[in-house]
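Colleague: I am new to this structure and would like to learn how to read it, one feature after another. Could we begin with the pairing of charged side chains?

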Amino acid sequence: MHERIEEIQSSLSHRDYSLAKRRMLDLSLDTGDTSLLKEAIRWSKTYHTQAGTGTGEEAPEAFRQAAEGLLNGLRNYPQTGNAAPQPLLIANDISKKYSKGNFSLKPISLQVTTGSVGGVVGENGNGKTTLLRCLAGQLAHDTGTIQFSGLRQPDDYQVKNHVAFIPQRIPRWYGFLQDNLHFSAALSGVRGEENSLMVSFMLERLNLSQYAHLTWNQLSSGYRTRFEIARVLLQRPSLLILDEPLANLDINAQQTLLTDLRYLAKSVRHPMGILLSSQQLHEVEKIADIVYFIKEGHCLFTTSDTAAPDTCMIEIETTAGREALQQVFGEGEMQVHYNGSYYTLTSSALSPQHLLTALLQKGISITYFRDITRSTKRFF
Amino acid sequence: MSSKRPLVPRFLRRFDHYLLLNKPDVWSARTHLVIYFGGLFIAALALVSFVMPDDPRSSSPAPYWIGYGVVISILALTVWLIYLLRFNVFKRYGHITPLSRLTTFILYFIAVGIIALIPMVMPYVESVRANKAYSDLEIINDVNSINTKICQLEYDSLPHKLRTDTILVVNQLPQHRSLPDEDEEEVEYDAGATYKARPRYRLVDTASLPGRITGADSSIRLNDSMYVLYASYDYTFVSSYQTSSFYMEGHRVLPEVYSNYDLYKKVIRDFDHPNRRAVRNELYKLLDKYNLEATTPGWYEYDEQDLNGAEQISQKYNLYTINRNIDNVSSRKLRWRDENGAFIIRLWYYITLGITLLVFVYRHSTRKTFFLSLLTAVILSILTSLFAAYFNQRESSMYVWLMAYIALFFGISLFAFRNKVRSGVAGIGINLFVLLVASLPLCMVSYYYSRLEEKNRNLINPPPIDYAWKYQLLWYAELAGSLLLLILLATYIQRVYRKWYALPEE
């Protein structure tokens, strides 16, 4: 608790108010104190009116004082940490072959625990969506077993109550956004006053308050995704499966959503497991505890593989040409590949640091660098 | 949410919000909005119908109003469906109690029922207005008075004796007519022929004797096999067959409209010369009461030369118009009584039930399965009809077909519990079972009676069928069908839909 309070304090002092606001809301929810949560929501609502709109602008004194008051309130709560991760879903050798078409998902095993975020990456048409839909109970798998550890003798209805699935193409909803949120929460047993509170919380938490009275047609696709996540989260699933949630989001929204998902997964009050598929490898790898790389229906690699790769791999963007790069290193020390946008340098003898140092020492101008030795990117 | 609905009053907005937060299944049915707006509309329509100038003596404009009401109902149903289809509690895998589906069905039924009431408002108000304007007793007394007074005034032109008919009762009628009858053959005129008295009587068999005696106004038994039957001439100038339904008003048993024989006894038989002027004045006063010539132009064309006595009297007092107007009043008054009322209520009930079932099934199945179910129903109906026509099937076999289909669809629906994937066939089975199951008891009773009637047709002396009990039983079957549906909704149907929809796709 205190670490998280310090984290919020640090964000406030560095004028990262957006992050501070989100973490404050999370922390208030974790306390289980309704009045504190209401206070946090009220404070959060003032963020848009009182805090500086631009990054790094100083917030008004009243806003900072209110934040301090909330933090003082939070300090009174006992230290609570995350419970040990519990397995939520254990899939063993599940496979799927469509009756029409020649694609088949080869046997894949994976596990999702509470508080963890799993990423499924791969090129289009290689089985990511099929895998996720099978895990969510949307699609029947041919072989293998899926075990939902939190459920005793689950039937399909309970499984779908336990696992929330957000498809890439979000199904259209009708009416006002806020009505839909109230409805979803009420359906999950969150009734009355608590329903109002949780919807207000979710609107603030996902920055949707100003869109609460809008309809589907009035929202951009990015906000529709956010809304869908808010709606699903109000149903309190144990496992959240998202298919390409970043597809419709801008770069900032992607970062915000991914960090939010990570925070929400690690919630003290309601920890859950998250599994998402995406093409944004680096963003996903940054927040995921484990990433599965799927190619032609096979799971080729997971980032949990402990064995160190035989070769190191970096990708760079530079104004220098291929010959200049190859002259930096000796014959056979490194292979250079160019995909028209950036170079991929592969070496079994040198580490990424050595490669970068050598390039800089030879005066090669580098505008972008990433170590992809342990990234699934190397398989693309 | 409600800020964008200016037509919704504050209290309803608050109630709506309360339901949204606490009873999502009730909220999503939107029945509370239908009750409020439907109730308001029905009240307004009733008020308009009450204040609208309308004379009960005129022919009823109800058909136009019903047409208007049907259009409004279709619009209202469309609006309700647009709101209803926005939120579905059954496809979100939320916390739903087993009774939720039953509750929702009842709420749908109420909403559809209110909407289906709209076309009936004006005819009902019209009936109330007619009953307020003319009591049953008043009409009976007026009809009797008019007939009595016309008989008094037109005594000289009316027959003064009863018609007689002599009958000879025999055990078996001869195959050919040996005795004269009314339609005897014409013979050429023979100027030299002399009159020969011939016995004039009609042969009847013993079986038809009781009916003839009870049908006659009076009878005399001449000997063991010969009777004289008396029947009065037509003295009822004003009559409405509908007035025969006026037998009770509140708890009071009403007098009957005078028959020809009543008028004969009261006026013709012991004729007492009345004060013609006073009687005529009273008669015209009564006729004026029912006369509405201006709004009901006559359509009866006649040539005065061809008129018989009764028709001349009718023309003299404008009785065609009076009769029609009394009929108009009576039909308005009787629209909601006894069989008429039962028929309208049944019509309303089955329309409501049908729409409710369709909406309920649509809410619980996928769009594709729903429309495939309807298509299956249409195709099966066509095939069954063709089969029945080709093999000359009897009525009872149609009930067997229907019961067999219900059993078949039930059997198919059970596969939802065994299947590993959401099968379209199982979905169609469930949908059609839900749509048909309420008719099962009715089919069983109808099958029993149609079999009985078919058997009786082959018997020389069939046992009598108690039709009163049959109709009672059919009414119980309708009730049992509804109860069966409600029980199944709370038990089997809710379980099978829950299981089927949650299954993964292939």
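Modeller: A salt bridge is counted when a side-chain nitrogen of Lys or Arg lies within 4 Å of a carboxyl oxygen of Asp or Glu. Side chains of opposite charge can pair when their charged atoms come close. In this structure D156(A) forms such a salt bridge with K499(B), and their closest N and O atoms are 3.4 Å apart. The pair crosses between chains, running from D156(A) in helix α6 of chain A to K499(B) in helix α17 (residues 467–502) of chain B. Helices here are DSSP runs of H or I with at least four residues, strands are runs of E with at least two, and both are numbered from the N terminus.

Colleague: Before we go on, what kind of model is this, and how are its residues and chains labelled?

Modeller: This is a predicted model, in which local features need pLDDT of at least 70 and side-chain atom pairs count only at pLDDT 80 or more, while totals for chains, interfaces and linings use all residues. Residues are numbered from 1 along each chain as its sequence is written, chains are lettered from A and ligands numbered from 1 in the order in which they are written, and side-chain values use heavy atoms, with hydrogens and water left out.

Colleague: How many salt bridges does a search of the whole structure find over all chains?

Modeller: The search finds 34 salt bridges over all chains. One of them joins D260(A) and R205(A), at 3.0 Å from N to O. D260(A) lies in helix α10 (residues 251–265) of chain A and R205(A) in helix α8 (residues 192–205) of chain A, so this pair ties together parts that are 55 residues apart in sequence. Another joins R335(B) and E126(B), whose closest N and O atoms are 2.4 Å apart. Because R335(B) lies in the loop between α11 (319–334) and α12 of chain B, and E126(B) in helix α5 (residues 100–133) of chain B, this pair ties together parts that are 209 residues apart in sequence. Salt bridges that share partners also join E7(A), R22(A), R23(A), D26(A), R205(A) and D260(A) into one network.

Colleague: Is D260(A) buried or exposed?

Modeller: Buried means under 20% relative accessible area, exposed means over 50%, and partly exposed is in between, using a 1.4 Å probe and protein chains only. D260(A) counts as buried, because its relative accessibility is 4%, and R205(A) is likewise buried, at 1%. R335(B) and E126(B) are buried too, whereas D156(A), in the pair that crosses between chains, is partly exposed at 23%.

Colleague: Which residues does a buried residue such as A136(A) touch?

Modeller: Contact means heavy atoms within 4.5 Å. A136(A), in the loop between α5 (128–135) and β4 (143–148) of chain A, is buried at 2% relative accessibility. Not counting residues up to four places away in sequence, A136(A) touches V159(A), K160(A), V163(A), F165(A) and I241(A). In chain B, H32(B) lies in helix α3 (residues 31–51) and is buried at 9%. With sequence neighbours up to four places away again left out, H32(B) touches L12(B), F15(B), D16(B), L19(B), V26(B) and W27(B).

Colleague: Where is S99(A) found?

Modeller: S99(A) is in the loop between β1 (87–97) and β2 (104–113) of chain A, and its relative accessible area of 71% makes it exposed.

Colleague: How should I read empty space, and which residues line the largest cavity?

Modeller: Rolling a probe the size of a water molecule over the atoms shows where empty space is left. On a 1 Å grid over the protein atoms alone, a cavity is a set of points where a 1.4 Å probe fits but cannot get out, a pocket is an open set with protein on both sides within 12 Å along at least five of seven lines, and lining residues have an atom within 4 Å of a point. Y157(A), F90(B), K91(B), R101(B), H364(B), Y497(B), R498(B) and Y501(B) line the largest cavity, which holds about 40 Å³ of space.

Colleague: How much space lies in the largest pocket?

Modeller: The largest pocket holds about 1400 Å³. Of the 38 residues that line it, the closest to its centre are P171(A), R172(A), K91(B), R92(B) and Y501(B).

Technical notes
Grid points are joined across faces, edges and corners, and a volume is the space filled by probe spheres set on the points.
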